[in-house]
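Colleague: I am new to this structure and would like a close look at a single part, the contact between the two chains. Please take me through that part and define the terms as you go.

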Amino acid sequence: MKLTLHIWRQPNTEADGEFKTYELPDVSEHMSFLEMLDVLNEKLISEGQEPVAFDHDCREGICGTCSLMINGQAHGPDRETTACQLHMRRFKDGDEIWIEPWRAKAFPVIKDLVVNRSAFDRIMQAGGYVSVNTGNAPDANSTIVPKQNADLAFDAATCIGCGACVAACKNASAMLFLSAKVSQLALLPQGQPERKSRAINMLKQMDEEGFGNCTNTNECEAACPAGISVENIARLNRQYVSAVLTSRD
Amino acid sequence: MSVLQSNVPDGPLSEKWTRHKNNLKLIAPNNKRKYNIIVVGTGLAGGAAAASLAEMGYNVKAFCYQDSARRAHSIAAQGGINAAKNYPNDGDSVWRLFYDTIKGGDYRAREANVYRLAEVSANIIDQCVAQGVPFAREYGGLLANRTFGGAQVSRTFYARGQTGQQLLLGAYSALMRQVAKGKAQIFSRQEMLDLVMVDGMARGIITRNMVTGEIERHAGDAVLLCTGGYGNVYYLSTNAMGCNVTATWRCYKRGAYYANPCFTQIHPTCIPVSGDYQSKLTLMSESLRNDGRVWVPKKVDDNRPPSQIPEEDRDYYLERRYPAFGNMVPRDVASRAAKERCDAGYGVGEGKAVYLDFKRAIEEQGEKAIEAKYGNLFHMYKKITNENPYETPMKIYPAVHYTMGGLWVDYNLESTLKGLFVLGEANFSDHGANRLGASALMQGLADGYFVAPYTVGNHLAANDLERKKIDTKNPAFDAVEQDVRGRIDTLLSIKGRRSVDSFHRELGLTMWDFCGMARSADGLRQAIEKIQTIRHEFWENVHVTGTGQELNQELEKAGRVADFLEFGELLARDALAREESCGGHFREEHQTAENEARRDDENFAHVAAWEYQGDDVEPVRHKEELEFENVQLTQRSYK
């Protein structure tokens, strides 16, 4: 198939960016979306032009590195699918495709389609852990966890930290991301001792990073490639309210 | 006497590690803050080591090329992690895990290291559960287990098909906690480009900031390489696109020995190659073989769709050839068996695939039960192939997945360069010639959580590093930095006519054709010549766009491919020198009448460790003889 691509080009954080248009003939429907970009880049290099910078690594939907707005949708049109797992059979001959980086104040563009997501690391540093040092763990089966809770905790823990939730949100909120971690640990006995400070501190960090707040439009869930449910945001809100009301700190 | 001192402690196998720990020198708690440790790579080994060392009180600098420490490729490990817990009460023990691992590795690993691995395996599960890793559980709330290849017990702990992700996020969160405490610093989007030696000890690294292009110097009292394997020398592999050999290769060129580079693992169950634009291969977890049955048609060129091939026309060749282990034979055996069937003309699809069929499991257990176990894998398969594995069998074929070889290390995980420690897949130590499933996660975390934190302290204390402080103004940094800058300038100045990727693909095809699942002396000699030719053309004709002072993905790739082009030759040389078949290394000249691998214990029960002698000079092959005091070497049989 033949495609027309409109791709955001921006040399660095400070510079202004713009859409540039590229024609790409002979795209196979079996290619992944990123392989299609590889082919474009090979073509650009052969013509002596700068290839398009985009983030990617595992190309199997688990590392969370790829981060493309495709026709206005984070990771493109398929549900629960990262850009690297999206295949060109989803498109048809003659299509025009608009490709942009994640857009959020807290995710500044580094170059072209590459953004800086280190704000997510700082949110994690604010409390996304259990305080246990190596070596002082009790036997793994000494604490029983009801399967139902373990399964719910697992569902929350599958967040890949890609930032699609932020990109999809009109407020650029990171609530889905942070609720996934708060939920995972709130559902497990190991997370109980720190659950109040965790909810308070992670939310505080989110605000400081410049992410917006949640207004329950649920676009984050629709865009999430890992299928993280907004129920986690509800759980986070309950954790947060009870923490604020009862915390002794 | 060999130059390679393994430093394995005396005493009975089961007491070695305890005794050794008792003899290691310690750094007092309030003195640990005086030491700086550099950790390169933040996967399971690096993340675990960085977090543990920081918890102990050391100052840790952790580096990764990804944009976050959470994205190292350990995250993609699917199936599980082994541990000798014996929770299922099926007779497992530290001894059995040790024995299975050393046998699975075809008797090419060091006994003492493997025993220690088995010994600490149980602690890993405890540690991860305490961190909040959501392992699979039974209805009673206790941890669940499943079976992996090469074992007759269920000792694999798992988190659906995302075990690596959950374990890595556990280590990452522990590391983030240390960053918050100010004990660890993270340098993401930074690539290590060289090692700095001062007075015979590893004391620093040179990195490139991948955002600004700045070349940076970092000094420390020890350097830990946790930089993964070299599978991407084959271009197509299950590794992430960024996985590379550069860190270990640069250290090799500074004097660290490279051990057993020809021991590569070709994983039997991957989605087959399609199209020449393909950028990577996707693994379908070995755990699928618990319920999936591997088969091909009994007739050559049987083009009927699988649903129309009746039972009597199907050849379940693993169950036929290996009745005792059936579909759960180790990876090297399963891969070769698939290749054998496809080469003989029984392959399906375009001839380079076999079926992995869940029909019987779905009939017996129901679709729901299968979905609970493998849902995400089936989902991934469907996305890539557009076929539904609940209805039609998966098509699979072997692909490069893991590399058992790596930098040579002693019992302390220290390389031949003092102060340079190598952990996880980057070292050679525990898997011999073939790694068993669910053992990579175990080894990465064992090295990171439970081995290096002790042995690194011993290095600092024994060498009195408190009194040997250096900083990045040391002239040793000038020389190495100049080398790094020179290499980058050269790459940017060639301005030839071919892209970096085109060279990488060409190298990969050569490696796959001549150093893949079957190797021969003739083929390997050809490979060495071809690699040299590709390398020479690379340095004359590669085109790297952009500049060094910006985010430049072509430049990053070019540096990595340049190193692969040197490393690939060493891999082929190692394969040529090892005149036997063992584990993942299959030499066509050395096989039994039934086409099984034939080991030569008399001449090759050793580790081959290569010493760099200069560019375009043949490296020297050293031997570390492997002494087996506790297990008897037998021809591996899974029949």
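Modeller: Two residues are in contact if their C-beta atoms, placed from the backbone, lie within 7 Å. This is a predicted model, in which local features need pLDDT of at least 70 and side-chain atom pairs count only at pLDDT 80 or more, while totals for chains, interfaces and linings use all residues. Residues are numbered from 1 along each chain as its sequence is written, and chains are lettered from A and ligands numbered from 1 in the order in which they are written.

Chain A and chain B each bring 64 residues to the contact. On the side of chain B that touches chain A, the elements giving two or more residues are helix H2 (44–56), helix H4 (111–131), helix H5 (163–180), helix H10 (367–385), helix H11 (440–462) and helix H15 (553–577) of chain B. Helices here are DSSP runs of H or I with at least four residues, strands are runs of E with at least two, and both are numbered from the N terminus. H5(B) supplies the largest share of that side, nine residues.

By residue class, the side of chain B that touches chain A holds 25 nonpolar, 25 polar and 14 charged residues. Ala, Val, Leu, Ile, Met, Phe, Trp, Tyr, Cys and Pro count as nonpolar, Asp, Glu, Lys and Arg as charged, and the others, Gly among them, as polar.

As for the partner, chain A has eight helices and seven strands. The C-alpha trace of chain A spans about 65 × 35 × 35 Å along its principal axes. Within chain A, 71% of the contacts with a separation of 6 or more are between residues 24 or more positions apart.
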